[in-house]
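Biologist: Please take me through this model step by step, and tell me what each term stands for when you first use it.

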Protein chains: 2
Amino acid sequence: MTFRFELIHKSKKSSARVGRIHTPHGIIDTPNFVAVGTNGTLKALDNRMVDSIGLQLMFCNTYHLLLQPGPAVIQRAGGLHRFINRKMPIITDSGGFQVFSLAYGSVADELKSRGAKKRDGLVLKISEEGVHFRSYRDGGKVLLTPETSIQTQKSLGADIIIPLDELPPYHIGSKELIRSLERTHRWEKRSLDEHLKNPQGQAMYAVIHGGVDPNLRKQSCDYLSTLAFDGFSIGGSLGKTKPEMVEMLTTLLPRLPTDKPNHLLGIGDLESLKQCVPLGIDTFDSSYPTRAARHGMLLTQEGNIKVEKGENANHFAPIESNCTCWTCQNFTLAYLHHLFKAKELTAYSLASVHNLHFMVELMRKYREAILEDLI
Amino acid sequence: MTFRFELIHKSKKSSARVGRIHTPHGIIDTPNFVAVGTNGTLKALDNRMVDSIGLQLMFCNTYHLLLQPGPAVIQRAGGLHRFINRKMPIITDSGGFQVFSLAYGSVADELKSRGAKKRDGLVLKISEEGVHFRSYRDGGKVLLTPETSIQTQKSLGADIIIPLDELPPYHIGSKELIRSLERTHRWEKRSLDEHLKNPQGQAMYAVIHGGVDPNLRKQSCDYLSTLAFDGFSIGGSLGKTKPEMVEMLTTLLPRLPTDKPNHLLGIGDLESLKQCVPLGIDTFDSSYPTRAARHGMLLTQEGNIKVEKGENANHFAPIESNCTCWTCQNFTLAYLHHLFKAKELTAYSLASVHNLHFMVELMRKYREAILEDLI
């Protein structure tokens with residue numbers, strides 16, 4: 001099956017929409033949540049369990065897989081799907097985000113004035129060609145260019161791939177931001193050209209950039225829409241706060257072609273989903289539900305539960321009484337509380353199962369509500 | 001169903017025997033391996049997965065459960081089986097082993113002259129009454145006596161329980177060892193008396209002591225055999241080396257009643273199983289297979305595999321081609337190698353599943369071999 005986006009319904013109430021992304025490894029119903037499995041696994045879960053939870057799209061990180069186990073191993077295994085034994089769709093990024101995060105730190109690091117001290121020296125050189133950096137694994141020099149990123153993503157063979165972009169630091173002058181955007185556009189074009197030499201059934205999503213400047217964001221939409229991308233992802237900083245992000249997306253989304261799917265990179269907390277689904281975002285990736293799980297934060301319809309709170313010690317019922325997840329079907333909140341207190345690894349698995357199941361159900365409900373024009 | 005030991009076959013070649021232990025939660029085929037789930041879970045696995053692996057008996061530690069979540073919570077949950085959702089048999093120990101290990105360190109610590117510095121002060125007082133110690137969780141004072149140990153084990157409600165014993169340090173003078181054995185015998189008698197006030201379907205195994213003195217071991221067998229125990233476990237140090245242990249067990253086992261099951265406490269590595277099954281040991285508990293798994297050591301019929309070895313990076317086949325475990329049915333050794341290199345929690349779960357499945361199969365083969373008088 002080749003890549004295709006099918007628009008099923010546009011809400012009468014908002015810009016929310018329900019669709020289906022057809023990929024070589026099956027369908028992704030949209031809007032949907034995309035689980036992050038950086039190294040080819042969701043943390044604390046195996047890929048059979050992930051299947052059973054019903055997560056239709058998994059996000060793997062090219063940066064990590066490039067360094068360990070390396071694209072040659074994955075190619076010999078017959079591609080990423082076979083290597084990690086996942087039958088359903090996978091999306092990979094370019095590797096650029098992690099490399100630039102190493103150089104500049106994350107937006108959060110910047111805003112909180114946390115340095116990138118420990119990582120100093122890992123990024124050796126950024127030029128028009130690409131980025132030279134040092135492997136955190138063996139100290140070897142690695143060159144990431146638009147072409148090598150795409151070649152790596154070809155070896156991995158994900159259903160959806162992403163062109164190399166430059167992630168500018170949050171605090172950047174307007175001239176530098178323009179220069180960064182121009183380079184990003186050149187890199188994305190080179191990535192697309194490399195991809196189109198041998199599409200091998202993969203789809204490529206552009207990455208819209210332009211930082212917190214609405215005009216640059218529009219320019220980015222307009223330019224990238226002229227190229228033969230199969231979808232559009234939104235990257236880089238969209239603002240310091242959630243309202244700023246929502247404002248930016250509100251002006252940005254109407255400029256994207258409506259016949260192609262879009263993806264909001266790295267954002268998938270509950271509040272962002274609530275605010276961005278009505279804007280017409282199709283897919284969201286985030287490690288929030290699994291990271292929250294490992295920190296003992298359980299997602300429920302009644303709000304978050306801190307599993308280690310004393311009041312849960314004697315709660316001899318599932319996390320949610322009507323939940324159909326593996327964890328709630330088999331174990332009580334009291335037992336989970338105990339496993340967290342005892343720092344058992346089992347706790348992280350069971351909490352992750354519940355939180356991911358919650359996300360799958362939440363997105364199903366969003367789709368139902370859009371179909372009924374309630375959102 | 002009440003507790004009963006059924007002897008099925010005695011080997012013509014050795015003292016090995018095949019039996020069945022009937023318990024309120026089902027049958028334990030013997031000889032068998034007992035998995036250690038200290039806090040009411042096997043590390044990195046959930047109890048449904050443990051069921052599917054076919055581990056018939058699980059060992060939980062009273063010391064840990066006493067401190068977290070405490071017997072009151074487990075009693076309110078309806079007992080340990082319900083709290084952790086295990087349908088099959090459970091055995092609990094007295095809590096003494098951990099308390100005395102804190103006081104003296106393990107035999108290995110002693111032999112390697114490692115101190116117990118970090119734990120100093122945790123054991124406050126050892127007297128005829130029992131042991132006062134400090135909870136590592138909240139610093140509160142806890143009194144462990146034969147009576148409180150059994151009361152705690154009554155709250156937990158395991159199928160098989162163990163009386164409180166004193167674990168003497170490995171380096172102990174012969175007079176002190178005699179005094180320790182006498183106290184252990186008094187404590188075991190008090191434990192049994194407490195148990196028999198309210199058996200509630202539980203079985204109690206004595207603990208044979210006497211350290212490395214064969215005469216004291218014999219005295220311990222002879223005395224404890226006169227009491228109404230349902231089985232006999234073997235505790236304390238049996239020697240510095242495996243040959244010393246085997247020699248001791250060889251003289252000790254013929255003195256145990258053959259119509260009752262026996263258990264070798266805390267020993268279950270492959271070499272010990274090989275040497276002790278022919279002596280007539282019925283059950284062995286050990287955290288070896290799960291700990292080995294978390295350290296990347298995979299058990300196979302061809303010997304141990306160090307999963308992180310470079311040669312495994314491209315092994316695109318299961319750990320063992322004929323293995324029917326969940327891990328081998330779904331994932332390759334190359335993928336496991338990658339998960340370990342990437343330090344993913346999933347690695348520990350998948351390796352543990354394989355190693356435990358290996359133990360279940362190994363014990364099944366031992367039973368078959370005994371039935372055919374090959375061992």
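Biologist: Where does P69(A) lie?
Modeller: Since this is a predicted model, local features need pLDDT of at least 70, side-chain atom pairs count only at pLDDT 80 or more, and totals for chains, interfaces and linings use all residues. Residues are numbered from 1 along each chain as its sequence is written, while chains are lettered from A and ligands numbered from 1 in the order in which they are written. Helices (H or I, at least four residues) and strands (E, at least two) are DSSP runs, numbered from the N terminus. With these names, P69(A) is placed in the loop between α2 (62–67) and α3 (71–77) of chain A.

Biologist: What kind of peptide bond joins Q68(A) and P69(A)?
Modeller: Most residues other than glycine have a negative phi, and most peptide bonds are trans. For Q68(A) and P69(A), omega is about 10°, and the bond that joins this pair is cis.

Biologist: What is omega for the cis peptide bond that joins T30(B) and P31(B)?
Modeller: P31(B) sits in the loop between β3 and β4 of chain B. The bond from T30(B) to P31(B) is cis, with omega at about 0°.

Biologist: Is A44(A) buried or exposed?
Modeller: A44(A) belongs to the loop between β4 (32–36) and α1 (47–53) of chain A, and its phi is near 75°, a positive value in a residue other than glycine. A residue is buried if 20 or more other C-beta atoms lie within 10 Å of its own, exposed if 12 or fewer, and partly exposed in between, with the C-beta atoms placed from the backbone. Because A44(A) has 24 C-beta neighbours inside 10 Å, it counts as buried.

Biologist: Is Q200(B) buried or exposed?
Modeller: Q200(B), which is not a glycine, also has a positive phi, of about 40°. Its place is in the loop between α8 (174–196) and β11 (203–208) of chain B. Because Q200(B) has 10 other C-beta atoms within 10 Å, it is exposed.

Biologist: Which residues does T148(A) touch, not counting residues up to four places away in sequence?
Modeller: T148(A) is part of helix α7 (residues 146–156) of chain A, and with 20 other C-beta atoms within 10 Å it is buried. Two residues are in contact if their C-beta atoms, placed from the backbone, lie within 7 Å. Leaving out residues up to four places away in sequence, T148(A) touches G130(A) and L143(A).

Biologist: Which strands are at the edges of the open sheet β1-β2-β3 of chain B?
Modeller: This sheet has 3 strands with antiparallel pairing, where two strands pair if DSSP finds at least two bridges between them. Strand β2 (residues 17–23) of chain B is joined to β3(B) by 5 bridges, and R20(B) has D29(B) as its bridge partner. The strands that pair on one side only are β1 (4–10) and β3 (26–30) of chain B.

Biologist: At about what angle does α15(B) run to β2(B)?
Modeller: Helix α15 (residues 345–371) of chain B lies across β1, β2 and β3 of chain B, and 19 of its 27 residues are buried, so the rest of the structure largely encloses it. Axes are lines fitted to C-alpha atoms, for helices over the stretch in contact, and angles run from 0 to 180 degrees between N-to-C directions. On this basis, α15(B) runs to β2(B) at about 125°.

Biologist: Which residue of β14(B) is the bridge partner of N32(B)?
Modeller: Strand β14 (residues 283–286) of chain B is covered on both faces, with T283(B) and D285(B) buried on one side and F284(B) and S286(B) buried on the other. Strand β4 (residues 32–36) of chain B runs parallel to β14(B) and is joined to it by 4 bridges. In that pairing, the partner of N32(B) is T283(B).

Biologist: What relation do chain A and chain B have?
Modeller: Copies are superposed by least squares on the C-alpha atoms of residues with pLDDT of at least 70 in both. Chain B is superposed on chain A by a rotation of 180° with 0.0 Å of shift along its axis (RMSD 0.0 Å). That relation is the one of a two-fold axis.
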